[in-house]
Amino acid sequence: MRRAVVFAVLLGIVWPPVAAEATRQVLWVALQACVLAKKTTGRTFPCLAVDLGTSDRPGTAVLRAPGQPTHTVVMPTEHIIGLEAPELQGQNGNIYWRAALAARHYVTDALHGAASIGDVGLAVNSEGGRSQDQLHIHLDCVQPSVRLALQAYARSIHHTWAAMPIALQGSRFFAMRVEAAEIESFNPFAALVRLPGRQPDLSQTSFAAISESADDPNAAVFLLAYRAAAAYAEKLLDPTCSGTAKPVTAAR
């Protein structure tokens, strides 16, 4: 996650303070606390959920960012540095993608029915756009302006990468369409290799995935990606959920 302080707060709850040079491993250390809790007590704190996986299927965990009612991340339980990791080009990339899609309900649950699954977008930042060297897929509401732009240009987004005619949140993205029937078998990490232009440096690539329709659970998905030294597709998400009702926080 770009704002490392969020996980620094979490770390203070579940683990002793770490040296400054280790701040890019804060999420990994917190994840280990989740895995240990699952293995020893069957509980998942500080995570919302932990799937330890099997001998032929990698595990995943879901974590809510402290102090952010809707912002959720999904991550592998094994150490994978980021979207540039070679192992994501195969089956594991699809497994983490499906785990993230399945976890979108944690965002809508926080909104108590004020949003649908299609309102929730996914994003993964580049090496320079993240603060943590553990793959994590961000889940949160979609920026209203991004939703409107995608609705306006939906007919120009096809099954292969093409440049968006307008900037989204200040950056020029490539976009492609993933039909509903293909979503379960899709691997967005492998699709990034086919981005137009020079041979892509995945460490400088970031992507987001947003449903074509907020109201149709069987809608296609738009994959959006761009390259930059600090590419940060998470900016297409809206942690305030300003396009929906505000999340309800528990009474103290």
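In which loop does Gln 169 lie? In this predicted model, Gln 169 belongs to the loop between β6 (162-163) and β7 (174-178). The briefing below takes up backbone geometry, the disulfides, the pairing of strand β9, the aromatic pairs and one pocket. The model contains two disulfides and three aromatic pairs, and strand β9 has seven of its seven residues buried.

**Backbone geometry**

- Most residues other than glycine have a negative phi, and most peptide bonds are trans.
- Gln 169 has a positive phi of about 50° although it is not a glycine.
- With a relative accessible area of 36%, Gln 169 is partly exposed, because this value falls between the 20% limit for buried and the 50% limit for exposed.
- His 112, likewise not a glycine, has a positive phi of about 50°.
- The loop that holds His 112 runs between α4 (105-110) and β4 (120-124).
- His 112 has a relative accessible area of 57% and is therefore exposed, the cut-off being over 50%.
- A cis peptide bond leads from Phe 45 to Pro 46, with omega near 10°.
- Pro 46 is placed in the loop between α2 (26-41) and β1 (49-51).

**Disulfides**

- One disulfide joins Cys 34 to Cys 47, with an S to S distance of 2.1 Å.
- This pair links distant parts of the chain, 13 residues apart: Cys 34 is in helix α2, and Cys 47 is in the loop between α2 and β1.
- The link of Cys 34 and Cys 47 is right-handed, with 85° about the S-S bond.
- Cys 34 is buried at a relative accessible area of 0%, and Cys 47 is buried at 5%.
- A disulfide also joins Cys 141 to Cys 241, with an S to S distance of 2.0 Å.
- Cys 141 lies in strand β5 (residues 137-142) and Cys 241 in the segment after β10 (237-238), so the pair ties together parts that are 100 residues apart in sequence.
- The torsion about the S-S bond of Cys 141 and Cys 241 is about 85°, so this disulfide is right-handed.
- Both Cys 141 and Cys 241 are buried.
- When the bonded cysteines of the protein chain are numbered in sequence order, the pairing reads 1-2, 3-4.

**Strand β9 and its partners**

- Strand β9 spans residues 221-227 and is mostly covered.
- On one side of β9, Val 221, Leu 223, Ala 225 and Arg 227 are buried.
- On the other side, Phe 222, Leu 224 and Tyr 226 are buried, so that both faces of the strand are covered.
- Strand β7 runs antiparallel to β9, and five bridges join them.
- Within this context, Phe 174 stands opposite Ala 225 in β9.
- Strand β8 (residues 205-211) pairs with β9 in the antiparallel sense over seven bridges.
- Thr 205 stands opposite Arg 227 in β9.

**Aromatic pairs**

- Among the three aromatic pairs is that of Trp 97 and Phe 186, which is edge-to-face, with 5.7 Å centre to centre and 70° between the planes.
- Trp 97 lies in helix α3 (residues 91-102) and Phe 186 in the loop between β7 and α6 (188-191), so the pair ties together parts that are 89 residues apart in sequence.
- Trp 97 is buried, with a relative accessible area of 1%, and Phe 186 is buried, with a relative accessible area of 11%.
- The rings of Phe 173 and Tyr 226 also pair, with centres 4.6 Å apart; their planes are at 55°, so this pair is tilted.
- The pair of Phe 173 and Tyr 226 links distant parts of the chain, 53 residues apart, with Phe 173 in the loop between β6 and β7 and Tyr 226 in strand β9.
- Phe 173 counts as buried at 1% relative accessibility, and Tyr 226 counts as buried at 7%.

**The second largest pocket**

- The second largest pocket holds about 170 Å³ of space.
- Its lining consists of 13 residues, of which Arg 104, Ile 183, Pro 217, Asn 218 and Ala 219 lie nearest the centre of the pocket.
- By class, this lining comprises seven nonpolar, three polar and three charged residues.

Terms used: Residues numbered from 1 in each chain as written. Predicted model: local features only at pLDDT ≥ 70, side-chain atom pairs only at ≥ 80, totals over all residues. Heavy atoms only, no water. Helix = DSSP H or I, 4+ residues; strand = E, 2+ residues; numbered from the N terminus. Buried < 20%, exposed > 50% of the residue type's maximum accessible area, 1.4 Å probe, protein only. Disulfide = S-S within 2.5 Å. Pairing = 2+ DSSP bridges. 1 Å grid on protein atoms, 1.4 Å probe; cavity = no way out; pocket = protein on both sides within 12 Å on 5 of 7 lines; lining within 4 Å. Points joined across faces, edges and corners; volume = space filled by probe spheres on them. Nonpolar A, V, L, I, M, F, W, Y, C, P; charged D, E, K, R; others polar. Phe/Tyr/Trp six-rings, centres within 6.5 Å; stacked < 30°, edge-to-face > 60°.
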